[in-house]
Amino acid sequence: MALMLWESSLQAKASELHGDTWHITINESIEPHKQACDWHQYISGSFARRTWMSKRVQVVFHFHLDTARKQGTIKLRRFKQMCRRCNEAQMEDPNFPVENIDVLIGRLVEKIRVRCYKENLGEKNRPSVFNGRVNGPHESAHCEACRLGVCSQAN
C-alpha cells in the first residue's frame with residue numbers, strides 16, 4: 001500500500017521528467033552517503049505517523065537515470081523510530097500522509113531535474129503539512145536517522 005502512494009505521486013509528476021520513465025521502490029538497505037557510482041542522493045524530512053505522532057521523519061532517496069534506456073530508478077528509505085514508552089520496542093516504519101508524500105516527491109523531482117537533466121530551477125521550498133500535536137522533545141536514542149547521522153533534529 002505505501003509503495004503505491006509513492007509511485008502514484010511520482011507518476012503524477014512524471015511529465016516534468018523529459019519523457020523518461022521513472023519508478024520508485026522502497027529499499028531499507030540503502031545507506032546515506034553510500035550511493036552507487038553514477039547515482040545521486042537526496043535526503044529530506046517530513047511529518048509522519050506511526051502508532052504515535054512523529055514530529056519529523058527523515059527519508060533518503062538514491063536515484064539514477066539510464067539515459068540509453070530512458071529509464072530512471074529511485075530507491076527510497078524511510079527511517080524508523082522506536083516507541084519511547086514501550087518495553088522491548090521494535091523500530092516502526094512511518095506512515096506519511098498523502099499530502100506529505102506529494103511534497104517529498106515534488107522536492108525529489110526538482111532534484112532529479114537539476115542533477116539528471118542539468119536544469120536550473122532556482123531556489124524553491126514547499127513546506128510539509130502537519131496535523132496534530134506532538135508532545136515532548138526529539139528522542140535521539142530512539143531515532144534510526146540519528147544513529148546514522150542524518151537526522152535534522154539530532155541533539
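I started at Trp 6, which lies in helix α1. Helices here are DSSP runs of H or I, at least four residues, and strands are E runs of at least two, numbered from the N terminus. Note to self: this is a predicted model, where local features need pLDDT of at least 70, side-chain atom pairs count only at pLDDT 80 or more, and totals for chains, interfaces and linings use all residues. Residues are numbered from 1 along each chain as its sequence is written, and side-chain values use heavy atoms, leaving out hydrogens and water.

Is Trp 6 buried or exposed? I found it buried, because its relative accessibility is 1% (buried is under 20% relative accessible area, exposed over 50%, partly exposed in between, with a 1.4 Å probe and protein chains only).

Next I looked up contacts (heavy atoms within 4.5 Å). Skipping residues up to four places away in sequence, Trp 6 touches Ile 24, Ile 26, Phe 61, Leu 76, Arg 78, Phe 96, Ile 101, Leu 104 and Ile 105. I checked Phe 96: it sits 90 residues from Trp 6 in sequence, and their C-alpha atoms are 9.7 Å apart.

Then I went through α1. Its buried residues are Trp 6, Glu 7, Ser 9 and Leu 10. They line one face of the helix, because they fall within an arc of 160° seen down its axis (the arc uses directions from the helix axis to the C-beta atoms). On the face turned away from that side I noted exposed Met 4 and Ala 12.

Last, the largest nonpolar core (buried Ala, Val, Leu, Ile, Met, Phe, Trp, Tyr and Cys joined through side-chain atoms within 4.5 Å). Of its 23 residues, Trp 6, Trp 22, Phe 61, Ile 74 and Ile 112 touch the most other members. The largest share, six residues, comes from α2.
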